[in-house]
Amino acid sequence: MSEMINYGIDLGTTNSLISKFNAGKVEVFKNPRGHKEGLPSVVGFRQDKILVGDKAREYSNKDPKNVISRFKRKMGTTETYRIDTINSSKSPEELSSLVLKELKGFIHSGETIDSAVITIPASFDTIQSNATKEAGNLAGFDNVILLQEPIAASLSYANKDNSNELKNSQWIVYDLGGGTFDVALVKIIEGELTIVDHEGDNFFGGTDLDALIVEHIVVPQLESKGTFANLLNEMKSSTGRYEKEWYRFLNAAEDAKIELSSDKSTEIEYVLDDDNGNEVEGIITFTRSDFEKLIKDKVTETTQMLKKILTRQSIQPQDLKFVLMVGGSTFIPFIRQHVEEVMGIPINTDIDPTNAITVGAAFFAGSKKKETVTKKTIDNKSNIKVRAIYERNSQDSEEMFSAKIEGDIAGMTYRIISADGAFDSGSKELKTRIHEDLPLREGEYNLFEFNILNSLGNQVHHAQEQVQIAQGKYSVAGQMLPEDLCLVKDDLILKDTKLDCIFEQNAVLPSRASQTVEAGKTVLKDSEQDVIRVMVVEGSSDNHYLSNKPIGTLEISGANIKRDLLKGTEIDLTFELSESRDLTISAYLNGTGQEFSQVFNPKKREVSPQTLGTEIIMLEEMIHKEQEEAAENKNYNMEENLGKSLKDVQTLMLDAGEIPEDSVTDEKFQLEDKKRKLAQQVHQLTSSKRVDAAKQDYQELKGSVSKLIQENGNDHEKHQVRQVIGREQVFLMSNNPNTIEAATDELGSIQYKILMRMPNYLVHMFELLVESRVSMNDQIQAKNLIENGIHLIESESWDDLRIVIGRLWDLVPEKEREADGYRLFTGIV
Ligand code: ADP
Ligand code: MG
């Protein structure tokens, strides 16, 4: 069995494919049905059996309710599909696993396939990525590596014969498939491919173009021919009267759309009974130009994303080699023309847009070792351990191969022979270290056999028998993160929650980061209610955390710490993100010497039209408030921009209001996505306001800390304050409120440390807290703590008083914490 993964799978919204890397070439397996390469990603449930692929697609004409398609877009959500014939529900991950299992059936070699590279859109977030891995595991792949689709497409192109001319160049991948859109800037640096930047929409693809045809061409025509009340809703709702027709017309629209890629006009036939039971029948004819008008706006949105990348990266279209077109929807002539027109550089349609992704995935799989095999490098019989070191990708004409050998090698020999017989090292004595220069053929995958023979001349099996070096081929530098991953500096103490970037957008994975934070409150040993949460969200660190996607939370609870954790104690956090986006967080508590660690298991996303509605209303209110404030401050520009966002929010509200509670479409996820983007827009618009406030807070605090430190600070603290002030120019200029607030926090926590050493201040703080006692959350506990505190002041036990103050603080209701007297507490996280 090969030690490499070798199998590459494109698990598409519409079509899925499987291929294998073998001796430098990629074979795409044929679908036994129809002898084509793709398998429609469709699953049908008959009473007696499950149908996957073409058979399921055909069956959907008979029984559309029990046939499921386009489920990739619901990966990682809580949505399931109710299936009557089997009287149960299936999750998108289960449905995907059925497609994956069917793909395995394309291979007839009899080998067990336990590992695969599966591709995902570059814009898939962490939750969706994890869901894809889960689908792979359900289908029996123990080892699943994810690869982003634009990289896969680029690998497939770059590893074709013309690869030499691509050295150190860059291009754009424009991938419009059935359900998702990705546009990515890809660069080759030293033979390695990487995505430098990307944009995308997880909710836009060919299927949305089909829906436009049904909504704007088919439905109006039907309404003009028969009596229908609310036809579109009755089609889209799972209990709607015309639900079957929705799927039927979507399929018919897709066929018509495909026809328009080669013909100038097309037809859709219809026969159905209207609300009065009268049969309505006829043919709808429409032209390519009708279709182009219909999709123009959506297509323009895609090229706007493309331009955004160019602007952000300060590059001109002329700096790019070409725009590589992939995905079935790029067969549409209008899309090709439009992209070419906007960019003014050639588009590249040289690769088969439908199989490029799987081919690239296989190339990648051919360079990836299976995890399980690498652990078993000791051959039991020979008891020899071989560790080989060599470059698997080379741009040179020769590569050095070295190996370290452990075990009883007395009398053994080795020999390295190239697969084509052109190179033969000859038989040589085996030593604990060997080196051999291997000549490489240009632009090819060079294969060598590394044989070890014992003193009797018999072959000794070991783990490195095959050596493969790609010359002039391209590999992957690493995958990139589509959005920032941020730490929520939650803490009850702060008025607003702040985000700290842990991994930045476009960071190359795998990656590792660490950060030290201070415990925002005291956590007592054995107390189950006492919890510190380390929360990670996905999305820009400039956003309000509510407009980002929660990934997961590590909880440090009183129930599992060995000693009390005092407020202000340092916690060292380490974050590790694997290439396939598994996030591990570890927290080391300096006070207790304990370590907590957790691999993330992101929760699935849930969206109900109702909560979506409420959130949109909240967003609307927020914009109104900001608008009023802008008007008061005579900031007319901001007011106008907010007005634009308000309009978008109102349209969104109308759209959301029209979704039936039991909608069969994924519109609510699309709208939720839009809502998040709008919330971000508003947040960015108003952030200048935050910047000003942050600057003012910083200056004020700097004044008071400078005074305090002169009289009461120690040398270390003085040094710390000088350092913050020394960086002042940089963070004030950054105009990033988070950065400025972080500096203010630093000063705040130094101030807090000094003050907490000063008996006067402790007493003052204690008195303030005593004044708030009536509103405290737990009266009995408050009473006990206060009595205790009074004794401690009498006996001048300042250390213990500090703990009591911390405990009392935890009892202060959140809204009271903003009171002026407590401002000093806000300096600490
Ligand atoms: P996915 O990545 O979603 O599995 P593909 O890349 O296979 O999808 O593209 C499928 C989409 O391409 C479908 O929406 C299909 O209707 C569309 N498509 C395929 N061929 C054509 C064509 N000739 N003209 C227009 N659209 C096409
Ligand atoms: Mg695709």
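Biologist: Why is Arg57 called partly exposed?

Modeller: Its relative accessible area is 32%. Buried means under 20%, exposed over 50%, and partly exposed in between, using a 1.4 Å probe and protein chains only. The 32% of Arg57 falls in the middle class, so Arg57 is partly exposed.

Biologist: Good start! What kind of model is this, and how are its parts numbered?

Modeller: It is a predicted model, in which local features need pLDDT of at least 70 and side-chain atom pairs count only at pLDDT 80 or more, while totals for chains, interfaces and linings use all residues. Residues are numbered from 1 along each chain as its sequence is written, chains are lettered from A and ligands numbered from 1 in the order in which they are written, and side-chain values use heavy atoms, with hydrogens and water left out.

Biologist: What makes Arg57 and Glu254 a salt bridge?

Modeller: A salt bridge is a side-chain nitrogen of Lys or Arg within 4 Å of a carboxyl oxygen of Asp or Glu. For Arg57 and Glu254 the N to O distance is 3.0 Å, so the pair meets that rule. The pair links distant parts of the chain, with Arg57 in helix H1 (residues 54–59) and Glu254 in helix H7, 197 residues apart. Helices here are DSSP runs of H or I with at least four residues, strands are E runs of at least two, and both are numbered from the N terminus. Unlike its partly exposed partner Arg57, Glu254 counts as buried at 15% relative accessibility.

Biologist: How many salt bridges does the structure hold?

Modeller: It holds 42. Another of them joins Asp582 and Lys133, whose closest N and O atoms are 2.7 Å apart. This pair also links distant parts of the chain: Asp582 is in the loop between strand E36 (570–577) and strand E37 (583–589), and Lys133 is in helix H3 (residues 126–138), 449 residues away. Asp582 is partly exposed at 29%, whereas Lys133 is buried at 9%.

Biologist: How do you know that Glu787 and Lys783 are separated by about one helical turn?

Modeller: They sit 4 residues apart in helix H20 (residues 779–794), which is why the separation is about one turn. Their closest N and O atoms are 3.4 Å apart, and they form a salt bridge. Glu787 has a relative accessible area of 40% and Lys783 one of 42%, so each is partly exposed.

Biologist: Which residues are linked in a network of salt bridges?

Modeller: Asp197, Glu199, Lys308 and Arg312 are.

Biologist: On to the ligand. How many residues surround ligand 1?

Modeller: There are 18, and the closest are Gly178, Glu254, Lys257, Ser261 and Gly328. A residue is near a molecule if one of its heavy atoms lies within 4 Å of it.

Biologist: What makes the approach of Ser261 to ligand 1 a polar contact?

Modeller: A polar contact is a pair of N or O atoms within 3.5 Å; within protein, one must be able to donate a hydrogen and the other to accept it, and residues adjacent in sequence count only if both atoms are side-chain atoms. A polar side-chain atom of Ser261 lies 2.6 Å from a nitrogen atom of ligand 1, so the pair fits. A polar backbone atom of Thr14 is 2.9 Å from an oxygen atom of the ligand. The protein covers 87% of the 580 Å² of accessible area that ligand 1 has on its own, by the Shrake-Rupley method with a 1.4 Å probe.

Biologist: How do you know that ligand 1 lies between domain 1 and domain 2?

Modeller: Both domain 1 (1–160 + 351–374) and domain 2 (165–338) give residues to its shell, so the ligand lies between them. Helix H5 (206–225) and helix H7 (243–259) each supply at least two shell residues, and the largest share, 3 residues, comes from H7.

Biologist: Why is Ile118 called buried?

Modeller: Its relative accessibility is 0%, so it falls in the buried class. Ile118 is in strand E10 (residues 115–120). Gly136 is 18 residues away from Ile118 in sequence and 7.9 Å away in space, C-alpha to C-alpha.

Biologist: And what is the phi of Asn6?

Modeller: Asn6 has a positive phi of about 65° although it is not a glycine. Asn6 lies in the segment before strand E1 (7–11) and is buried, at 8%.

Note on methods:
Domain bounds come from an automatic or database domain assignment.
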